[in-house]
Amino acid sequence: MLLPPSLLALWLAYLSSPAIAATAGTFADGGSTLVSAMMMFLGNTEKVYILDKAEGNQAQVNGHPAWGAVWDIASKQATVMDVASNVFCASGMHLPNGSYVAFGGNSAVGRGGVAGSAGNWDAEYQDFDGSTAIRVLNPCTSADNFASTQCQWFDNAAVLSMQKKRWYSSAEALADGSIVLIGGFVGGGYINRNTPDTTPVPEAAENSFEFYPANGRGATFMNFLVVTGGLNAYAHAFLLNSGKMLVQANVSTMIWDYNNNVENYLPNMPGNVVRVYPASGAVAMLPLTPSNNWNPTILFCGGNDMPEPAWGNYSFPAINTWDYPASKDCQRLTPEPLDGSAPAYEADDDMLEGRSMGQFIILPDGKLLVVNGALNGTAGYAHTTGQTFVESEMPFGMSLASGPVGTPAIYDPNAPKGQRWSRPNFDTSSIARMYHSSAMLLPDGSVLIAGSNPNVDVNTTTYFNTEYRAEIFYPHYFNAKTRPTPSGVPTTISYGGPSFDITVPASSYSGLSNAAAANTTVVLLRGGFTTHAMNMGQRYVQLNNTYSIQNDGTIVLHVAQAPNPNILQPGPALLFVIVNGIPSNGTMVIVGTGNFGVQPTSAPADLPANILADSAKGTASGDSTNDGTSGSGNGSSDDSGSSSHLGAIIGGAVGAVAVIGAIAGAVVFFIRRRRNNGPRAVNSTSYAMTAGGQNAPFASGSGVYGHGGHGGSVASGFAPLHRQTDSDPWNGSTANLAQGPYRDEPFDPRVAGSTASVDSFDPYAPPVRVVPQPGYR
């Protein structure tokens, strides 16, 4: 097939210049996202999808402000997308076939965050109530017709919706590809309680969980959401090897048997540091590898340890949160220790600075990058607080945080204790990434950073503006001038069964082949659905491998399939080959069958023994594969920041993708900032802010009301939304729609062989189509 002239020119340029210059530790311009990036996910190796709340963005789509966009990786240009309902503070997750779903959100709003002019719809912004929405997106590539419904968001609550209204809910995928949805608000704002606390408050707290697809299962009461009363928005949830789930919120932690709704409580979070919204600590599952038997350990860092009364209520915090420093504490937890011991939190190295709203991005080399956030305060926004009564006296506009942290940092989970944090000559961004910022790993190993909007509606003249500028951060391994170029990468990964081979040419590395092969890993990395400083579904799984070395330095990797679907749930992932700490470009693969239901599993194949070649060497230049981390220790700055060259990711016909189808009143009171230790010094900003209303010096001040949520009331009211009957299903979808594209067909996910096609639960359902990658056929 002949390429169009524009794509042909792009391809010829790629052949003549096979590398793009980048500099490790630096930020590059990522263009405009058009809508503020409250949420993001990587749809394929070409496109990142972006969601914002319904607000007055200048970018228009179909006659109203846009709050959805798709960002092209190659061109760094965004295109608006139409989303019918208000996605404000939704949750999201991947589906087994590579589609993505966004769950819930807020009621319809108009200008300034006021309630929609027609109740469930607003005439100006033209957003529908999104509180029960299930929105499905089938990622497309530049070769597809984006005007087609197959490439657009499906968002119609009359056809597909949750059983309960959920705002700030959590989502976690299960081994059968289905998704559990936990908790959320049905109204309110800052935290999920009244003053005095009368938890549970059924009018504003949705203390239940439900499944998608539901398959006859109703929403069920969850006691943990009462125990953690108020501070359980965006609860941290991680599927464990046993098939049970770790859930953490407020200062409580449990292992949850969701099939039987049995809660087994673990020790509380040390130091009473809150990690969930609005404290918003950086939380991630550490890499799952053969050396740790793929047994999960969760890392919790940052957040805030404000005294319990300081958190306030639906309306606003009781104190001026921007005067209260964020925590730098880190804790590790292995929920299911292999030695049978009782699980317990273990103090880890402190962060280099305290951060609220810091976000962990797992990198292909197994290190964790933390980006974004603030030195003081919490997430959320407000007009007033329990200590600042007038909006004009709010020192940082509506922001409840101060002191943006613009410099990323690296956490190495395998480094000796006391040496796990470093900052190897990283630049500092001049863009404040505060509340509603986001970050996502890209296929070349760089990190897209976007968003920031602690405002009830678009505001470009306040202290922390509504932010549309995107940045790309280049981690330490961009020091390398040569990247591995593997071939033979499959498009699908099974659970057990025959191994597969990947070939790494000698030009991918320097030095002795034996040493390079011994320091080569193959990993599956899923970036997840990012919002509110968390990546729902983010996982890193290293696959077992052995190798055979040929005399010319070619390394053939013999790679085992994924261990089982509790370790890595079915769905999309990037496959990276890492040689001497330098990752290849990621290849998008589908793990599992691509369908809901019990995933077939087989015994792992016996891998052949390693075959060495003592005289074989790589042909890359001697310094070309330095990852730039040698000698770095805790807080060190010893990377050279030298220029590197990385393989281009080309759009259109040369893009490597898998295109997959289917599918509240308040009581004002004052409290002490600290009960025992006295007041703490407020951290100052770590860099000078840019223009645009963001260049004033940070100052301690007074003032705010919670998240600026709406919950069916005007933005200044924040009264919990009431419904006539608490058991009302909020238009939950229960019907079989014989004439419609969506079919809620029952199946039992617990029974082997009872596999339901994704077509049964998705409004698109075209045949699965895989576009081969150049060199990977």
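Lysine 367 and aspartate 365 are both buried, and the two are joined by a salt bridge, with 3.7 Å between the closest N and O atoms. Keep in mind that this is a predicted model. Across the whole structure, a search turns up 16 salt bridges, and the chain itself has 777 residues, 64% of them buried.

**The chain at a glance**
- Strands dominate the list of elements here: the chain has 48 strands and three helices.
- About 25,100 Å² of the chain is exposed, and 52% of that comes from carbon and sulfur atoms.

**More salt bridges**
- Side chains of opposite charge can pair when their charged atoms come close.
- Lysine 53 and glutamate 55 do this through their side chains, at 3.1 Å from N to O.
- Lysine 53 has a relative accessibility of 1%, so it counts as buried, and glutamate 55 is buried too, at 0%.
- Glutamate 210 pairs with arginine 166, their closest N and O atoms lying 3.0 Å apart.
- Because glutamate 210 sits in strand β14 and arginine 166 in the loop between β11 (134-137) and β12, this pair ties together parts that are 44 residues apart in sequence.
- Both of these partners, glutamate 210 and arginine 166, are buried.
- Arg332, Asp348 and Arg420 go beyond a simple pair, since they are linked in a network of salt bridges.

**A four-stranded sheet**
- Strand β14, the home of glutamate 210, belongs to an open, antiparallel sheet of four strands in the order β12-β13-β14-β15.
- The edges are taken by β12 (170-173) and β15 (220-221); each has a single partner strand, so one side of each lacks a neighbour in the sheet.
- Two bridges connect β14 (residues 208-212) with β15 in the antiparallel sense.
- In that pairing, serine 208 stands opposite phenylalanine 221 of β15.

**Nonpolar cores**
- In soluble globular proteins, nonpolar side chains tend to be buried together.
- The largest nonpolar core here holds 136 residues, and Tyr212, Met245, Trp256, Leu524 and Leu575 have the most contacts inside it.
- A second core, separate from that one, has 58 residues, including Cys301, Leu368, Tyr411 and Ile449.
- Which residues does leucine 524 touch, leaving out those up to four places away in sequence? Among them are Ile493, Tyr540, Val541, Leu543, Ala562, Leu568 and Leu575, along with Arg539.

Notes
Residues are numbered from 1 along each chain as its sequence is written. This is a predicted model: local features need pLDDT of at least 70, side-chain atom pairs count only at pLDDT 80 or more; totals for chains, interfaces and linings use all residues. Side-chain values use heavy atoms; hydrogens and water are left out. Buried means under 20% relative accessible area, exposed over 50%, partly exposed in between (1.4 Å probe, protein chains only). Accessible areas come from the Shrake-Rupley method with a 1.4 Å probe; for residues, only the protein chains shown count as cover. A nonpolar core is a set of buried Ala, Val, Leu, Ile, Met, Phe, Trp, Tyr and Cys residues joined through side-chain atoms within 4.5 Å. Contact means heavy atoms within 4.5 Å. Two strands pair if DSSP finds at least two bridges between them. A salt bridge is a side-chain nitrogen of Lys or Arg within 4 Å of a carboxyl oxygen of Asp or Glu.
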